[in-house]
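Biologist: Got a minute? I'd like to go through this one with you. Can you put it up?
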Amino acid sequence: METNNNTILIIEDDAGLIELLNEKIEGGGYQTFCVQTAGNALDWLQDHTPFLIILDYSLPDMNGKEFIAAFTTNHRDSPPFIVSTGQGDERIAVEMMKLGARDYIIKDNQFLEMIPLVISKVGREIENENKLRLAEQALRISEERYRSLFLMAGEGIFIMNTDGKFIEVNESFASMHGYSVKEMLEMDLKDLDTRETVKLFPERMSHVLQGENLIFEVEHFHKNGHAFALEVSASLITHDGNLFIQCFHRDISLRKHVEEALKESELKYRSLIECSSDAIFCVDEKGQYKFTNDLFASTFGKTTDYFVGKSFWDIYDKEHADQRYEATKRLFLTGKGESLEVEVPLPDKTMYFLATTNPVKDETGKVILNLTNATDITGLKHTQEILNTTLARHEALLDAIPDMMFVIDAEGAIVDFHAENYDELYINPETFLHKNVKEVLPKEVADLTLEKVVSVLATGQSDHSTYSLEIKGATKHFESRYVSCGDGQVLSIIRDITDRRQAEQELIFAKEHAQESDRLKSAFLANMSHEIRTPMNGILGFAGLLKEPDLTGEEQQKYIRIIEKSGARMLNIINDIVDISKIESGQMEISISETNINQQIEFIYIFFKPEVEKKGIKFSFKNPLPSNEALIKTDREKIYAILTNLVKNAIKYTNQGSIEFGYSVETQCLASLQFFVKDTGIGIPKDRHQAIFDRFVQADIEDRNALQGAGLGLSITKAYIEMLGGAISVESEPGKGSTFYFTIPCNTGNTAQTITAKPTSDEDKISEVRKLKILIAEDDETSEELISAVIKGFCKEILNAKTGTQAIEVCRNNPDIDLILMDIQMPEINGYEATRLIRQFNKEVVIIAQTAYGLTGDREKSIAAGCNEYISKPIRATLLKGLIQSFFKNKESVSKSG
C-alpha cells in the first residue's frame, strides 16, 4: 500500500464545498484527493494511506459510522480522521470520537476557517505521538542491549543491595564460583567472602555509598571450598530511588601466581648477577652508580654499598671519568649499547676490560639506566679480533633490515645510505650521495626532512614523518623515522608504506560497505530466526505427538511425513547459509568435470514432477541437443544447484498455469548454452528485477505467503553463475509470470554414453552383497545408532571407534575389515588425517567419508585424502545402501570372474 505523508483524503458529497476545501487545504502545503461516496473512498484506500481523512458524516451510500466499520474490517490500522457534519448532534460527536476521530467540526459559517486549524492541531498530535513512539523504542533497545551485555559479559557481574544481598548475577560470576545463577540469588556476599574480606566490607561499603568507584582485591570461596583471588570494581547505582551496588569481578588467581613467580625470578636474577664472572654495574644518565655486583666492587677493594650514590668522578681521575661519561651519554642519546675496551687504573696495577653497555628502558621505550657488563681481558692479545667479530655482527644485522636508511648531517647532506634494492630509490646513489637533500628531493619533501633533522639534533628525541614520491610513474608512500646517531648526524630509517596505505583504504571501504549492508543483514537474521524455528516447530511438535498411545497407523505416517518435510526445509536453509558464507568469504571453489546436461534436466524434472502435479500445474522441459552431444565441461554440482533453485522458486510462486525449463544452444560452435525457467506465477514488479538477486533481499511482491524462505536462493544462484563465467537475467510482470535466463560457457563433446540399469529393491541389493565386516568411525552416539540400523542387513560384524586414533588402531588390529564409514569431524585426529594414515598400511579397504558439513568441495577433499566415496549428513538410507551395493557387488563380480 502506498503511503502519502502529505495527502489529505476528502470524503464529501457536496462538490461546491469540495472546491472550497481544496483552496483552504492546499494553501497549507498539503495535497488533496476528493471523492463523493464512501465506496469510492474505500476503493482508493486499498492502495493508499493518506496523512488525514476529512469525513462527511452523512454520505449518499452510508454514514460516517458505517464507513469506519467497513474500513476497519479489512484494515488493522486506520489513518487519523476528523468528522464534519451539518447536524449539531452531540451524540454523533461522542460516537465518532469513540471510534477514533481526532476532532469533530460542524458545518457552520466558521467551518472553512476551522479546517486549517484542526489539520494543524492533528498534525502536531501525530508528530508528538511519533516522537514518543520512537523514544519508547530507543529506550527498549537500550535496555535490551544492557541486559544482553550483563548476561553475556566475560567478567563476573552482580548487583546487590546495601545489605550485601544479591539482586542480579550473571552466568560468568556464578560459574567462576561453581554455583548456578538460581543458587546465587538465594545467597549474599558474606557467603562467598573469606573472613579477612568480610571484616573490610563495612568500610568499603561506606566509600561506595558516598559515590566513590572502588577497585580492590578480595578472596572468595568456591563452592568446592577452595579460596581464590579476585579483582573487584564496585560502584553505586540507583533505581526507583533505591541504592544498589554493582560490582565487576575478574579472577586474578593466575596473576597472583605470576607475581609470586616474578619475585622468585628476581631473587634468582640477583643470585645470577652475583655469581657472574663479569663485573656488572648500573649508572644513570649523570654517571651515578645505582647498583654494582660484588666482583665489580672487589676489583677496587670496596664493598657494593660504597658505590651507591657515587659518580664516575668519585672513582676515576677526570680523564677516565670523562671517557666513561661519554660512553653513557652515547647510550642515552642513541638507545643503543656498545662494546669498548676500557682502562681501569688501580693503585698497584692497571686492568683492561671489554665493557658492554646495554640500555635499560621503561615501558614507554625511554632509556633510564646504563647496564654494563665488564669482562676482564687484561693480558689478552686478541682484543682486536673480538671487536671485529662484534662489528661484523652489527653489519649483518643492518643488511638484514629491509628498510632504507640514510645518514644526514646537520646541513642536510646525505653522507651514507643503505638500501636492499636500488630500484626502491628515488634517484641513483651516484646522483644523491654527498649532496644536500634540497638538490635531490622535491621541495616539500626536502623541507620536511631538514625540519626533522634540525629538531632531532636540537632535542635529542626521535621524530617521524610521512610523505609521497612519484617513482617510475607510480605514487609511492613512505614513513621515515629520525634518530640521532652521534657526531651531529641523524639516521633516517625509511619504510615503503604504499601497501599499508592501500590496505587502510580498502579497510575503510569494507567498513562503509559493512555499514551499508547492516540493515539488510539485520532483517535477514530476523527472517532466519523465523525460518529455522518454523520447521523446528514441526519437527519437535509432531515428534511429541508420536508419543501419544492411541494414534492410528495413518496418523503416525502423516506425522512422520510432516517431520520429514520440516527436516528437509531446515536442511535447505542450513545449506543456503553455508553456501552464502563460503561465497562471501571467497572460499567457494569451482570443480570442472564432464556432465550430461540432458540427464541433469531429466533428473530435476522427475524429482519435482510429483510436487508440481499435486498443485495442478503443467510441467515440461526442453532438451534440444541429442543425448550423445549433451556432454559439457562445467561444475556439475553448481549447475544442478542453479537449476534446482530456479525451479523451486517457480513452483513456490506459481499456483496455476505451467512451468517449463530447459536450455537452448546459443551459438553454432556450441561454446555456450542458454538455460531458462519459465512460469505463469505471480510475477515480479519491474523495479525489483535487480533487487531479487541481492543478498538478504526478497522482491516486494503481492503474494506475501509465497515469500517463505531465507531470501538467499537467487543470491547464491547469481554468484554460482558468475563464478562459472556466465550471467543471469529475468523477464517478469506482476500477474503474468516470470522467465529467468542464464548463459554459461561450456565445452561440448559427443562422448556421452547411455547407461540403463535394471531397478532393484533394497532387499535385492542387500542379498547381492556378501556379509561384510564394517567399522563405524563416529563420535556421535545418535549418528552411530542410525548408521548401524541402516547397514545391519549387510553386516556379519560391526566394529566401532569414537576417535580418529581409535579408528586407526582398530584397522591395524583387523586387517580383514571390508568397509570403513569414516566421520570427518572426530576428536584427536579428524577423518581426513585418519584416512591418510590408514592408507599407509591398508590400500584395499573401502572408505566412505560422511560429514555434517555438507560443503561444496568436501567430496573432492575426501577423495584426495584417500576415501573411495563421500556422503553428507543427514544420511539417506537408500543412498548409503546403494553405495555399499555398488562397491561390493562389483567387487564380488570381479572376484568370481577372476
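Biologist: Let's start with His177. Buried or exposed?
Modeller: This is a predicted model, so keep that in mind. In it, His177 is buried, because its relative accessibility is 0% and buried means under 20%.
Biologist: Where does His177 lie?
Modeller: His177 is in a loop. Helix H6 (171-176) comes before that loop, and helix H7 (181-184) comes after.
Biologist: Which side chain makes a polar contact with the side chain of His177?
Modeller: That of His220, at 2.8 Å.
Biologist: And what else is His177 in contact with, leaving aside neighbours within four places in sequence?
Modeller: Besides His220, there are Leu192, Phe221, His222, Lys223, Phe228 and Leu230.
Biologist: New topic. How many disulfides does the structure hold?
Modeller: Zero.
Biologist: OK, take Cys282 then. Buried or exposed?
Modeller: Cys282 is buried, with 10% relative accessible area.
Biologist: And what does Cys485 count as?
Modeller: Partly exposed, because its relative accessibility is 33% and the partly exposed range runs between 20% and 50%.
Biologist: Now helices. At what angle do H21 and H22 pack?
Modeller: About 30°, with the axes 11 Å apart. H21 covers residues 597-614 and H22 covers 636-653.
Biologist: Roughly parallel or roughly antiparallel?
Modeller: Roughly parallel, because angles under 35 degrees count that way.
Biologist: Left-handed or right-handed crossing?
Modeller: H21 passes H22 in a right-handed crossing.
Biologist: Which residues meet there?
Modeller: On H21, they include Ile597, Phe603 and Phe608. On H22, Ile639, Tyr640 and Leu643 are among them. Glu611 in H21 and Lys648 in H22 are also part of the set.

Definitions and conventions: Residues are numbered from 1 along each chain as its sequence is written. This is a predicted model: local features need pLDDT of at least 70, side-chain atom pairs count only at pLDDT 80 or more; totals for chains, interfaces and linings use all residues. Side-chain values use heavy atoms; hydrogens and water are left out. A disulfide is a pair of cysteine sulfur atoms within 2.5 Å. Buried means under 20% relative accessible area, exposed over 50%, partly exposed in between (1.4 Å probe, protein chains only). Helices (H or I, at least four residues) and strands (E, at least two) are DSSP runs, numbered from the N terminus. A polar contact is a pair of N or O atoms within 3.5 Å; within protein, one must be able to donate a hydrogen and the other to accept it, and residues adjacent in sequence count only if both atoms are side-chain atoms. Contact means heavy atoms within 4.5 Å. Axes are lines fitted to C-alpha atoms, for helices over the stretch in contact, and angles run from 0 to 180 degrees between N-to-C directions. Angles under 35 degrees count as roughly parallel, over 145 as roughly antiparallel, 65 to 115 as roughly perpendicular and the rest as oblique. A crossing is left-handed if the near helix is turned anticlockwise from the far one by less than a right angle, and right-handed if clockwise.
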